[in-house]
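Please look through the sequence and the three-dimensional structure shown below before reading the report that follows. The text takes up a few chosen places in turn and describes what surrounds each of them.

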Amino acid sequence: MGDMLVIFRFGWPYLRRYWVRFVGGILFGFLFGLTGGLTMAGVYMMLNRLDDPVHVQQLTQAKQAEEAKKASQESPLVKEFEADKKAISQELYQLADPWLPQSHRPIDWKQITGGLLLFPLLAMLRGFANYMTTYLMAWSGQRIVNDVKEDVFRKINSLSLDFFHKTTTAELISRINDDTGALSTCLRLGLSDLIKEPSTILILFIGLLCLDWKLTVIALLFGPLCVIPTRIVTRKIKAQGREDNSAMVGQVALAMESFQNVRVTKAYELGEEQAVLFRKAGQRGIYHMIKTVQARALLNPIIETLNSFGIGAVLLYAIWANVPFKTLGGFLFALILFFAPFKKLSSIQIYFTSAGMAMERLMGLFKLQSSVREAEHPVAMKEFRQGIEFRDISFSYGEGPVLQNVSFSVPRGQRLGLAGESGSGKSSLLNLFFRFYDPTSGRIEIDGAPIESLRIADLRYHLALVSQDVLLFNTTVAENIGYGKIGATREEIVTAAKEAYAHDFIQALPQGYDTPLGERGVRLSGGQRQRIAIARAFVRNAPILVLDEATASLDSQAEAEVQKAIDHLAEHRTVICVAHRLSTLRSMDKILVLQKGRVVEQGSFDELLSQNGLFTAMAARQSIFPQVAA
Ligand SMILES: Nc1ncnc2c1ncn2[C@@H]1O[C@H](COP(=O)(O)OP(=O)(O)OP(=O)(O)O)[C@@H](O)[C@H]1O
Ligand SMILES: [Mg+2]
């Protein structure tokens with residue numbers, strides 16, 4: 001019950017969009033329940049008609065006498081109502097009677113037709129209702145699930161980088177696929193049953209009461225006992241389900257990592273070792289999964305056994321109280337019909353339990369707030385005019401300080417180089433500029449406006465990033481370049497590729513600009529990938545260019561090609577450039593040297609070389625000496 005509330009609370013906003021079909025599904029579900037009642041009535045009626053007509057007559061007379069006695073004591077309004085009711089049922093009876101066979105009556109074609117068609121017609125109606133409710137529920141259910149999926153995807157994308165660094169990709173995929181999948185299964189398999197079965201139960205229950213209320217009470221004496229095993233099993237399933245989920249996510253994470261790092265996996269022959277880990281993760285999942293299956297498989301027999309006590313009690317009572325066979329036969333038939341939905345409900349319970357758990361996880365996700373947030377009234381940034389100013393920036397990822405009191409400015413059109421040993425905080429500084437993170441103190445300004453006040457999309461629109469790890473998408477060359485600017489035309493893309501010195505090799509590809517690049521652009525060399533990324537930056541045509549070791553992973557031949565493209569891209573732009581290869585920084589107007597998150601030296605390339613400090617030492621290690629520079 002709790003799970004259903006959770007699912008309903010979560011699903012309501014989505015459900016509302018498709019309510020027409022959804023309500024249709026519910027109505028057909030009720031109709032399905034009603035056909036259960038009709039079948040039961042049909043069986044009872046036919047059993048009645050098999051009876052000896054003299055007996056029927058006696059019974060009817062006795063009943064009429066009883067009703068007449070009752071009627072004489074009732075108010076005129078009730079009498080009128082009763083008379084109406086009787087008239088209607090008599091009319092119905094007269095309409096149906098010639099079409100139904102009756103024992104001790106000569107049979108004719110009408111009775112044969114009616115006798116043959118009664119149950120098929122009922123079955124058809126039941127089947128139609130079943131079909132409609134299943135179809136309508138699946139129709140709305142699948143759309144709901146897709147909407148949820150999209151929202152999960154959007155939500156994950158909206159979260160800041162710190163969230164992604166804390167969470168594995170497998171976990172994120174599991175949120176998108178498995179959790180919404182649990183909801184899908186629950187809606188597809190569970191929901192229509194959840195409507196069909198309880199309405200069947202309700203209708204049959206009323207029918208049973210009408211048939212014989214005493215027998216009904218006796219039959220259901222043991223029913224409430226079913227609650228206990230159901231509760232225990234649900235709790236078990238929940239506990240195991242959580243473990244099962246985390247084990248399975250672990251397994252997927254392992255596979256993803258292994259495939260993504262396939263070169264390392266192969267080079268170090270890690271395949272076997274990882275296969276063992278993979279197997280272990282799977283085994284842990286299986287252990288918990290089997291526990292769930294066991295718990296689930298136990299539930300049905302327990303419920304069935306408890307229900308059978310009811311049948312035994314009914315038989316005992318019937319023998320003791322001399323209940324006539326036709327009442328007992330009809331009643332037992334109805335009772336068996338009545339018990340079936342309970343079994344069904346207990347078996348769909350699992351879907352609700354797992355969906356409930358999944359929805360709790362998703363609600364947790366939706367509650368997360370991005371640590372980098374858009375200002376309440378963000379200012380539109382139309383153009384970049386004066387310059388960039390970092391004022392007393394300090395920053396930490398959570399543990400120790402990564403940047404401490406960093407201040408500098410870059411006037412428009414100037415080029416700033418950032419140097420420093422590995423881990424000194426250069427990339428972190430760029431992360432702050434893009435607002436992937438916000439500084440712990442201090443602020444960054446563009447044209448005098450703090451970047452927190454600007455619309456994030458505007459800010460990033462004015463920045464183009466080329467970094468060491470070029471990330472390409474699994475689409476064509478043209479689309480990969482076009483990602484630089486929404487709605488880039490083919491012409492713009494080709495021009496950009498030419499400017500990035502990428503046009504020639506792109507044309508040599510099998511399908512030119514329409515060649516698919518494979519996952520993460522595996523079909524290209526490092527230098528080629530880099531030039532695609534530069535072409536992307538050209539398309540963006542942003543006034544501020546940010547380079548983070550753009551040539552670090554290339555050999556000297558490729559580096560020369562890429563550097564040429566970068567130099568061309570940097571013309572007429574404001575540039576912030578991080579480089580390990582200090583010779584790259586020669587053309588910078590100013591260079592900052594970072595050490596352990598602090599600016600320790602600054603000046604032009606030649607000034608720094610003559611200062612005999614950290615920069616001079618780093619340069620010497622790369623065989624760059626003052627006299628060479630001079
Ligand atoms: N996501 C992160 N979470 C926690 N700490 C981080 C994270 N990214 C970087 N760091 C830490 O912050 C410090 C600065 O890292 P940063 O990447 O800025 O260095 P860098 O100067 O760019 O180094 P490199 O030249 O090797 O690229 C390092 O000590 C690193 O361990
Ligand atoms: Mg770095």
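When residues up to four places away in sequence are left out of the count, Asp193 touches Pro198, Lys344, Leu345 and Ile348. These contacts, like everything else in this report, are read from a predicted model. Asp193 itself has its place in helix H7, which runs over residues 169–211. Is Asp193 buried or exposed? With a relative accessible area of 7%, Asp193 is buried, because a residue counts as buried when that value is under 20%.

The protein as a whole is divided into two parts by a domain assignment: domain 1 takes in residues 2–51 together with 103–367, while domain 2 covers residues 387–629. Measuring between the C-alpha centres is a simple way to describe their placement, and the centres of domain 1 and domain 2 lie 55 Å apart.

A second aspartate worth following is Asp447, which is found in the loop between strand E4 (441–446) and strand E5 (449–450). Once its neighbours within four places in sequence are set aside, Asp447 is in contact with Glu383, Phe384, Arg385, Gln386 and Gly387. One of these residues, Gln386, also takes part in a polar contact, since the side chain of Asp447 reaches the backbone nitrogen of Gln386 at 2.6 Å. Between Asp447 and Pro98, on the other hand, there are 94 Å in space, C-alpha to C-alpha, and the two are 349 residues apart in sequence.

The last place to consider is the surroundings of ligand 1. How many residues surround ligand 1? There are 14 of them, and the closest are Ser422, Gly423, Lys426, Ser427 and Ser428. Sorted by character, the residues of this shell divide into 3 nonpolar, 8 polar and 3 charged. Helix H13, which spans residues 426–433, gives the most to the shell around ligand 1, with 3 residues. The table lists distances from three residues to oxygen atoms of ligand 1.

| Residue | Atom of the residue | Distance to an oxygen atom of ligand 1 |
|---|---|---|
| Ser422 | polar side-chain atom | 2.5 Å |
| Gly423 | polar backbone atom | 2.8 Å |
| Ser428 | N or O atom in the side chain | 2.4 Å |

Taken alone, ligand 1 exposes 630 Å², and the protein buries 63% of that area.

Conventions: Residues are numbered from 1 along each chain as its sequence is written. Chains are lettered from A and ligands numbered from 1 in the order in which they are written. This is a predicted model: local features need pLDDT of at least 70, side-chain atom pairs count only at pLDDT 80 or more; totals for chains, interfaces and linings use all residues. Side-chain values use heavy atoms; hydrogens and water are left out. A residue is near a molecule or strand if one of its heavy atoms lies within 4 Å of it. A polar contact is a pair of N or O atoms within 3.5 Å; within protein, one must be able to donate a hydrogen and the other to accept it, and residues adjacent in sequence count only if both atoms are side-chain atoms. Accessible areas come from the Shrake-Rupley method with a 1.4 Å probe; for residues, only the protein chains shown count as cover. Helices (H or I, at least four residues) and strands (E, at least two) are DSSP runs, numbered from the N terminus. Ala, Val, Leu, Ile, Met, Phe, Trp, Tyr, Cys and Pro count as nonpolar, Asp, Glu, Lys and Arg as charged, and the others, Gly among them, as polar. Buried means under 20% relative accessible area, exposed over 50%, partly exposed in between (1.4 Å probe, protein chains only). Contact means heavy atoms within 4.5 Å. Domain bounds come from an automatic or database domain assignment.
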